[in-house]
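User: Please go through the ligand site of this model with me, one question at a time.

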Amino acid sequence: MLKFEIALKKVLDKTKILNPEEVPLDKSVDCVLAENIKASIDLPPFNKSAMDGYALRSIDLKSIPQQLKCLGTVKPGKVFKREIKKGECAKIMTGSAMPEGSDSVIMIEFTEKDRKPGGVRVLKGTQKSENVCFKGEDVKKGTDVLKKGMLLRGPEVAIAAALGRKKLKVYRKPRVAILNTGDEIVQPGKNLAGNKIYNSNGPMLLSLLSSIDIEVDYLGIVKDKKEDLRKMIKKGLRDDIFLLSGGVSMGEFDLVPKVLKECTVKQVFHKISMKPGKPVFFGTKKSGLIFGIPGNPVSTYLIFLVLIKTVIEKMMGRIPHLDIRRGILKEDFKQKPDKRKHFIPAKVFRKGEQLYVFPIKGYHGSADIASLSLANAFMIVEGTVSFLKKNSRVQILLW
Ligand code: AMP
Ligand code: MG
């Protein structure tokens, strides 16, 4: 059976970066920039005050205290028409343009009102340029500020906005279709009569995708009937990624791989040597990637973390990366051995540089969402290992 690492490589080999598209600035965060951006203007675009205070000529403060005549107030975003000459100043707010003739700002805290109307007493000396932000000191017009391939976070979005950009060219986010399969699956809120169970995978996948701002075509639940499946599969195949949960193992009603192939999906693999998640199916149709995920929710969650999320990252131009770290196992650990790679829900605590790993007690397999919800990581142990002593170093995948 296919090793996990090889399966992941096969999936990533079939994953192509999507074409760039223009998106509004507020939709660009966490996307990868698909253009180089040169500064079209200086930042700041004019010399401005860094403080609330008085703009003046530093040369006028040779002796302290010093009386100056205030010509008025320089408001932010307004042009102050008068020039500051010998013995004069203007009240100024943070972010306002330095008036002509002034070269320094004295903070309001170091001044007081003078007895003379319109007069200011300055109590402290200053130097030229003090409390002044100079035109272009943050970014010079013409410099390369944002480079193609950069991940856009808040600060990069702020720079683009400061340069006046409304839209940015980024690698497109994939559109994902979700289809849940199974005669026994019922949407939450409906009646459970007749040995049915509620659909956990649909809402889980939807919310995981929504948390990374991926648009979803949710196709609902389909019965384990070839005709019904075929109809819904045709719809799901229009998207960049198609996720089907359930119906991929060896049961009589596990029809998903068969119907996918009838719909000309090319199988890349069916089954990975991992636990849980073994029966996972992966195929392609044109540029679309199709995942048939085993129906038990722990399997679905794991496959989302290790394969789907990784694929989405690559399609968006990010460097796909499984953040597998090392931690210290804090309890003896036993498992039934086999040849697969085991992913065990675990609680990981950080203390200084160390990560301490506690496998969830009583975890009893891929349907056990209660244990999954107590965890914040999967501990990864080769199935050939039947026992690990407390304080062994183990691999973990943190969520
Ligand atoms: P399957 O992969 O269809 O063989 O299903 C494996 C197990 O997962 C069965 O116990 C199913 O009832 C359960 N299952 C399948 N789909 C879902 C779902 N959407 N939500 C919760 N459990 C599911
Ligand atoms: Mg099923």
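**Ligand 1 and its pocket**

User: Which residues come nearest to ligand 1?
Analyst: This is a predicted model. A residue counts as around the ligand if one of its heavy atoms lies within 4 Å of it. The shell has 17 residues, and those that come nearest are Glu-184, Asn-199, Ser-200, Gly-247 and Gly-295.

User: How many residues of the shell around ligand 1 are charged?
Analyst: The shell divides into 5 nonpolar and 10 polar residues, with Gly counted as polar. The charged residues number 2.

User: What is the distance from the polar side-chain atom of Asn-201 to a nitrogen atom of ligand 1?
Analyst: Two contacts of ligand 1 use backbone atoms: an oxygen atom of the ligand is 2.8 Å from a polar backbone atom of Gly-247, and a backbone N or O atom of Gly-295 lies 2.8 Å from an oxygen atom of the ligand. Asn-201 instead offers a polar side-chain atom to a nitrogen atom of the ligand, at 3.3 Å.

User: What share of the accessible area of ligand 1 does the protein cover?
Analyst: On its own, ligand 1 has 490 Å² of accessible area. The part covered by the protein is 79%.

User: Where does ligand 1 sit, and which elements give two or more residues to the lining there?
Analyst: Ligand 1 sits in the largest pocket, which holds about 490 Å³ of space. Its lining has 29 residues, with Gly-246, Pro-294, Gly-295, Asn-296 and Pro-297 nearest the centre. The elements that give two or more residues to this lining are β13 (176-181), β15 (197-198) and α6 (297-315).

Notes: Residues are numbered from 1 along each chain as its sequence is written. Chains are lettered from A and ligands numbered from 1 in the order in which they are written. This is a predicted model: local features need pLDDT of at least 70, side-chain atom pairs count only at pLDDT 80 or more; totals for chains, interfaces and linings use all residues. Side-chain values use heavy atoms; hydrogens and water are left out. On a 1 Å grid over the protein atoms alone, a cavity is a set of points where a 1.4 Å probe fits but cannot get out, and a pocket is an open set with protein on both sides within 12 Å along at least five of seven lines; lining residues have an atom within 4 Å of a point. Grid points are joined across faces, edges and corners, and a volume is the space filled by probe spheres set on the points. Helices (H or I, at least four residues) and strands (E, at least two) are DSSP runs, numbered from the N terminus. A polar contact is a pair of N or O atoms within 3.5 Å; within protein, one must be able to donate a hydrogen and the other to accept it, and residues adjacent in sequence count only if both atoms are side-chain atoms. Accessible areas come from the Shrake-Rupley method with a 1.4 Å probe; for residues, only the protein chains shown count as cover. A molecule sits in a cavity or pocket if more than half of its atoms lie within 2 Å of its grid points.
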